[in-house]
Amino acid sequence: MSKQLVLMDCDGGVDDYLSVMLLMTMTQVQPMGVIVTPADCYIEPAVSATRKILDLMGCHDVPVAESTVRGINPFPRLYRRDSFIVDHLPILNENETIKTPKVSESGQDFMVRSLQQAPEPVTLLVTGPLTTVASAIEISPEIEAKIKQIIWMGGALNVSGNVERSLEAGQDGSAEWNAYWDPIAVERVWQTKIPIVLCSLDVTNNVPVTSAFVQRIGKQRRYPLSDLAGQCYALVIPQDFYFWDVLATAYLAHPEFYQLREYETVIVTSGLSQGRTKVEPGGRLIKAMEKVDTERFYEYILAQWKR
C-alpha cells in the first residue's frame with residue numbers, strides 16, 4: 001500500500017514543533033516537506049528549531065521552507081517568543097551544524113512546486129493560518145486539483161474563540177487565532193472546492209495538556225522524543241494549553257479515533273467577529289472533528305514518542 005503524501009504548513013508555535021515530531025513517526029505517511037509560516041513565532045528561530053528537530057529524528061531528507069506571507073492581525077509577542085526558547089533547548093543543540101536543508105525559495109513557492117511535481121494528490125496538514133495556502137493558490141490556481149484535502153487546525157464553530165478581548169480590543173471573542181491572523185486567506189480557501197477537515201476549538205477544548213499527562217511523558221524521558229516533548233509541555237503548563245495541532249496531526253494516522261460531522265459555514269472577514277468560522281445554512285460544506293477518543297489519542301502519542 002502506497003504511503004499518503006503529506007505537505008505540512010505550520011507556524012512555529014510549541015504545538016507545531018510537537019506536530020512535526022508526531023508526523024515524522026508515522027510509517028503510513030510520506031512527508032514532502034515542512035513550511036513555516038511566520039505567525040505564532042519569530043520566523044528565524046522557528047525555522048531553525050524545526051530543522052533541528054528533523055535532525056534529531058534523522059529526517060534530513062525532509063526540506064524546510066520559510067513562508068514570506070504576512071497576516072492582518074499579529075499574534076501577541078508573548079506567544080511568539082516561545083520559538084526562541086525551543087530553538088535553545090539543550091537537546092536540540094548538541095551539534096554545531098544543521099543537516100536538514102532549508103530551501104532557497106519561499107514557502108508559498110515551495111508549496112506550488114511540490115504540488116505541481118507530486119505524482120498524486122497531496123494532503124495539506126495546516127497547523128497555522130491558511131495564508132501560505134491561499135497565496136500558493138493565487139500564484140498557481142491549477143494546484144487546487146493536486147490537493148486531496150486540507151486538514152486544518154483552526155476555527156471555532158459552536159464554542160467561543162480564543163482571541164481574548166483583553167489582548168485584541170474591539171473583538172467579540174468569537175474568533176480562533178489561526179483564522180483571526182488572516183481571515184481573508186481563510187475566505188479565499190473556503191472559495192475553493194478542496195475538501196476540508198477542521199480540527200476546531202470545539203474538539204480541542206476537550207483535550208487539554210495536563211500535569212498528569214506531563215508526568216506520564218516524564219516517565220519515558222530516557223527516550224529523546226519524549227524528553228523533548230516533555231520540555232516543550234513544561235514550558236506551557238502554567239497556561240491553558242491544549243493539544244491543538246497534535247490532535248489535528250494524529251488524524252492522519254488514526255481517523256478512527258474521531259467522529260466527524262458536516263457543517264455549512266461562512267467566514268466573517270471584518271468587524272467585531274473578524275475571523276469567526278460561522279455555522280450558517282447554505283454556507284461552504286466542511287467536515288469537522290466533533291469528538292475524539294481522548295485516552296486512545298493520549299496512548300498513541302505517548303507510544304509514538306517512545307523513541
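Colleague: Why does Tyr 298 count as buried?

Modeller: In this predicted model, Tyr 298 has a relative accessibility of 11%. Buried requires a value under 20%, so Tyr 298 counts as buried.

Colleague: The model holds 17 aromatic pairs. What makes the pair of Phe 241 and Trp 244 edge-to-face?

Modeller: The ring centres of Phe 241 and Trp 244 are 4.7 Å apart, and the planes meet at 65°. Pairing needs centres within 6.5 Å, and edge-to-face needs an angle over 60 degrees. Both conditions are met, and therefore the pair is called edge-to-face.

Colleague: How do you know that Trp 244 is buried?

Modeller: Its relative accessible area is 15%, and the limit is under 20%, so Trp 244 is buried. Phe 241, at 7%, also counts as buried.

Colleague: Why is the pair of Phe 297 and Tyr 298 called tilted?

Modeller: The centres of Phe 297 and Tyr 298 lie 5.9 Å apart, with 45° between the planes. Stacked requires under 30 degrees and edge-to-face over 60, with the rest tilted; the pair of Phe 297 and Tyr 298 is therefore tilted.

Colleague: How do you know that Phe 297 is buried?

Modeller: Phe 297 has a relative accessible area of 0%, which satisfies the limit of under 20%. Leaving out residues up to four places away in sequence, Phe 297 touches Val 207, Phe 243, Val 246, Leu 247, Ala 250, Phe 257, Tyr 258 and Val 292. One aromatic cluster is formed by Phe 213, Tyr 233, Phe 243, Phe 297, Tyr 298 and Trp 305.

Colleague: Which residues have the most contacts inside the largest nonpolar core?

Modeller: They are Tyr 233, Phe 243, Phe 297 and Trp 305, in a core of 69 residues. Helix H12, residues 244–253, supplies the largest share of this core, with eight residues. A second, separate core has 36 residues, among them Phe 110 and Leu 198.

Colleague: How do you know that Glu 168 has no salt bridge?

Modeller: Glu 168 is buried, and the nearest side chain of opposite charge, Arg 80, is 10 Å away. A salt bridge requires a separation within 4 Å, so Glu 168 has none.

Colleague: With which side chain does the side chain of Glu 168 make a polar contact?

Modeller: The partner is the side chain of Tyr 180, at 2.6 Å; the limit for a polar contact is within 3.5 Å. Glu 168 sits in the loop between strand S6 (147–153) and helix H7 (177–180). Beyond its neighbours within four places in sequence, Glu 168 is in contact with Pro 74, Val 163, Trp 177 and Tyr 180.

Technical notes: Residues numbered from 1 in each chain as written. Predicted model: local features only at pLDDT ≥ 70, side-chain atom pairs only at ≥ 80, totals over all residues. Heavy atoms only, no water. Helix = DSSP H or I, 4+ residues; strand = E, 2+ residues; numbered from the N terminus. Buried < 20%, exposed > 50% of the residue type's maximum accessible area, 1.4 Å probe, protein only. Lys, Arg positive; Asp, Glu negative; His and termini not counted. Polar contact = N/O pair within 3.5 Å; in protein donor to acceptor, adjacent residues only side chain to side chain. Contact = heavy atoms within 4.5 Å. Core = buried A, V, L, I, M, F, W, Y, C linked by side-chain atoms within 4.5 Å. Phe/Tyr/Trp six-rings, centres within 6.5 Å; stacked < 30°, edge-to-face > 60°.
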